[in-house]
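Biologist: I'd like to go through the labels on this model with you and ask where each one comes from. Shall we set the values against the definitions?

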Amino acid sequence: MANYPTFVFLLLPLLLHIRYVRSELQLNYYSESCPRAEEIIKEQVATLYHKHGNTAVSWIRNLFHDCMVKSCDASIYLDTANGVESEKESPRNFGMRNFKYIETIKQALEKECPNTVSCADIVALSARDGLLWLGGPRIEMRTGRKDSKESYLAEVEKYLPNHNDSMSFVLSQFQSIGIDTEGTVALLGAHSVGRVHCLNLVHRLYPTVDPTIDLDYAKYLKGRCPSPDPDPEAVLYSRFDRETTMILDNMYYKNLLNNKGLLIVDQELVNDPNTSPFVEKMAADNGYFHEQFARALLILSENNPLTGDQGEIRKVCRYVNSA
């Protein structure tokens with residue numbers, strides 16, 4: 001037998017476990033238990049989008065903030081209760097919105113099929129369907145996730161990259177769940193839609209302007225964020241993309257090449273030699289960006305899901321079920 005390093009044998013059971021867990025997810029998981037489940041989610045996402053267009057952005061953000069922290073298990077939706085603090089309290093989740101609308105979707109599903117469709121699957125499928133309203137690609141997502149019975153507030157900063165982390169750290173975090181450099185660059189393209197609170201921007205503007213920012217763009221940002229000490233509760237935001245604000249497209253990468261990245265992590269994509277070639281390629285080809293985004297989002301959506309008897313089907317997404 002070849003003398004393979006010991007760590008290969010230690011790692012093998014973990015890799016086999018990950019493959020097994022992901023294999024328990026399947027397309028059309030609810031075809032017998034709740035045949036209209038995916039259609040109901042699609043209908044609700046559409047209705048909410050027409051009432052509150054920013055919900056489509058929230059669904060994608062929520063998937064990222066949930067699935068990066070240990071598991072795609074809807075733990076981010078749990079409210080603080082019984083002495084356990086919610087992940088929503090983490091500074092890394094500052095600015096997250098529209099949690100209440102997951103309950104709207106959940107109520108519609110409970111009316112059709114009580115105690116059947118998990119909040120974790122709603123998180124995944126609402127992101128899939130919201131993506132289409134933003135002009136993004138269609139993704140076939142497997143289902144069968146269960147909901148966690150606990151919150152992981154203490155774990156959030158360990159797993160969730162921050163907007164001012166180094167690119168090497170960001171890449172390592174995504175690689176730890178199976179997303180390569182190309183996929184990471186594509187996923188950050190979600191920053192082509194939505195907005196950022198000035199609280200996360202002012203360190204690039206005050207006391208001096210970050211030299212990597214285009215001067216005209218910096219002037220615009222100062223107009224949006226006139227104070228170096230913004231009120232976290234105030235409506236002080238800047239959009240990631242001023243031209244195609246609610247379309248998931250490659251304008252994000254074109255802006256980066258013109259030194260108009262909003263966050264440090266955005267501009268670092270251009271500055272880092274490992275990621276800059278992919279920025280250039282995605283800036284030149286929107287179809288390629290969509291293809292890589294779909295591939296990476298699918299991997300993210302299947303990160304270490306709870307299946308079988310590992311979790312539960314919450315009746316209300318904000319709380320674990322009563323014993």
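Modeller: Happy to, and R138 is a good place to begin: it counts as partly exposed because its relative accessibility is 42%, and that class lies between buried (under 20% relative accessible area) and exposed (over 50%), using a 1.4 Å probe and protein chains only. This is a predicted model, in which local features need pLDDT of at least 70 and side-chain atom pairs count only at pLDDT 80 or more, while totals for chains, interfaces and linings use all residues. Residues are numbered from 1 along each chain as its sequence is written, and side-chain values use heavy atoms, with hydrogens and water left out.

Biologist: What makes the contact between D129 and R138 a salt bridge?

Modeller: The rule asks for a side-chain nitrogen of Lys or Arg within 4 Å of a carboxyl oxygen of Asp or Glu. The closest N and O atoms of D129 and R138 are 3.7 Å apart, so the pair meets that rule. D129 itself is buried, because its relative accessibility is 3%. The two also belong to a network of salt bridges that links E38, R128, D129, R138 and E140.

Biologist: How many salt bridges does the structure hold?

Modeller: There are 14. One of them joins K88 to D79, with the closest N and O atoms at 2.5 Å. Both partners fall in the middle accessibility class: K88 has 21% and D79 has 22%, so each is called partly exposed.

Biologist: Why are K106 and E110 separated by about one helical turn?

Modeller: Because they are four residues apart in helix α4. Helices here are DSSP runs of H or I with at least four residues, strands are runs of E with at least two, and both are numbered from the N terminus. The side chains of K106 and E110 form a salt bridge of 3.0 Å, N to O, and both residues are buried.

Biologist: What makes the phi of N28 worth a remark?

Modeller: It is near 55 degrees, a positive value in a residue other than glycine. Most residues other than glycine have a negative phi, and most peptide bonds are trans. N28 sits in the loop between α1 (6-24) and α2 (37-51), and it is exposed because its relative accessibility is 51%. K70 also has a positive phi, about 70 degrees, without being a glycine. K70 belongs to the loop between α3 and α4 and is partly exposed, with 30%.

Biologist: Which peptide bond is cis?

Modeller: The one from Y206 to P207, where omega is near 0 degrees. P207 is placed in the loop between β1 and α9 (215-224).

Biologist: How do you know that P161 is buried?

Modeller: Its relative accessible area is 12%, so it falls below the limit for that class. P161 is found in the loop between α6 (156-159) and α7 (167-175). An unreviewed UniProt entry gives it the annotation "binding site"; such annotations may be inferred rather than shown by experiment, feature names are shortened, and positions follow the numbering used here.

Biologist: Which other residues does the entry list for "binding site"?

Modeller: H191 is listed, and so are D241, T244 and D249. H191 lies in the loop between α8 (181-187) and β1 (195-197), and its 15% relative accessible area makes it buried. T244 lies in the loop between β2 (237-239) and α10 (251-257), and it is buried too, with 18%.

Biologist: Why is the patch of R97, R195, R224 and R239 called positive?

Modeller: Because Lys and Arg count as positive and Asp and Glu as negative, with His and the chain ends not counted. Patches take residues with over 30% relative accessible area and no salt bridge, joining like charges within 9 Å and nonpolar side chains (Val, Leu, Ile, Met, Phe, Trp, Tyr) within 5 Å. For Arg, the place of the charge is CZ. One member, R97, lies in the loop between α3 (55-67) and α4 (100-112).

Biologist: What makes K219 exposed?

Modeller: Its relative accessible area is 67%, which is above the limit for that class. K219 is in helix α9.
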